[in-house]
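Dear colleague,

Please find the structure we discussed below. I would be grateful if you would look it over before reading my notes.

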Amino acid sequence: MRVVRLLDTALDPAAELARFAAAHAGAGGLVSFLGQVRGGEGIEALDLRHFPPLTLPGIEALADSASARWRLDGIAILHRIGEMPPAAPIVLVAAAARHRRDAFSAVDYAMDHLKSDSWFWKREKRDGAWRWIEPRAEDGADLARWAPVT
Amino acid sequence: MARLVFLGRLEDVAGADEITLPLAAPTPLDAVVAQLPAALARALGDPRIRVAVNGALVAGPALIAPGDELAFLPPVSGG
C-alpha cells in the first residue's frame, strides 16, 4: 500500500505505524523514521508552509519513485504542515519489504528527498521572533548520494 | 485581476502571503512583476525563484491572463 498524507493537526506516529504494520503482516521487515521539531537554542516553534498544487503531488511521486527503485511491499510518508512546538512529530516515513535492506534504503532515500527536494518552506520562532530558514549546502550533498536510475 | 501568491521569505517582502493585481489583458510575467513595489520586484528577480501559473511550474517567459494564479516559490528549506 502507498500512504501519502499532509496533516495540519498532530501526527500520531505509534498509531500510524501500527496501522501500517497491520496492513503488511507478510513483510519480513518494517523500517521507519520519525522526525521531530528540534528544540533548544531558544526555539519556541516551527512553522511549515507548503504550496498545495505541488507539495502533495511531489511527495506522491517520491513515494512512487522509492517503490520503483526498491522491492517494497508498501511505503508511507506522513508529513505535518503548520505550526508545531519543539519535540512535535513532523514527519514519519515507513517502508515494508520482504528483506530489510530495501526498506532501510527506501526510507533513507525518501528522507533525503523530503529534506531537500520537496515543496516546503519553514520558519522558526526564536526568542519571540520568526525567521525563515534558508536551504543548507548539505542538502544538495545528501541528494547526490542517490544516482539516477538508468 | 490576477492573484499573486508568495511562499517562504517572499511573504515577508510582499507583506502578505497573497495579493491581487489589476490585470485587464494577458500580460508577460516580467511586466506583471514590474508593476510591483521596487523591493518586491527586486526580490522576485532572484534567478533561483521558480514560478507556477495556476499550480504548474513554468520555465522562461510566461503570459499571465486575467484570473490566473501566479505563485513565486523561493528555494525550499526542506521538510
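The notes below cover the numbering, a sheet, a hairpin and the contact between chains.

This is a predicted model, in which local features need pLDDT of at least 70 and side-chain atom pairs count only at pLDDT 80 or more, while totals for chains, interfaces and linings use all residues. Residues are numbered from 1 along each chain as its sequence is written, and chains are lettered from A and ligands numbered from 1 in the order in which they are written.

In chain B, five strands (DSSP runs of E, at least two residues, numbered from the N terminus) make up an open, mixed sheet ordered β2-β1-β7-β4-β5. Strands count as paired if DSSP finds at least two bridges between them. The edges are held by β2 (18-21) and β5 (56-58) of chain B, each with a single partner strand, so one side of each has no neighbour in the sheet. Strand β1 (residues 2-6) of chain B runs antiparallel to β2(B) and is joined to β2(B) by four bridges; B:A2 has B:L21 as its bridge partner in β2(B).

In chain A, β7 (residues 120-126) and β8 (residues 129-132) pair antiparallel through four bridges, and A:R123 has A:W132 as its bridge partner in β8(A). Two residues lie between the strands of this hairpin, where A:D127 adopts a positive phi near 50 degrees.

The contact between the chains (C-beta atoms, placed from the backbone, within 7 Å) involves 19 residues from chain A and 12 residues from chain B.

Yours sincerely

Key: Two residues are in contact if their C-beta atoms, placed from the backbone, lie within 7 Å.
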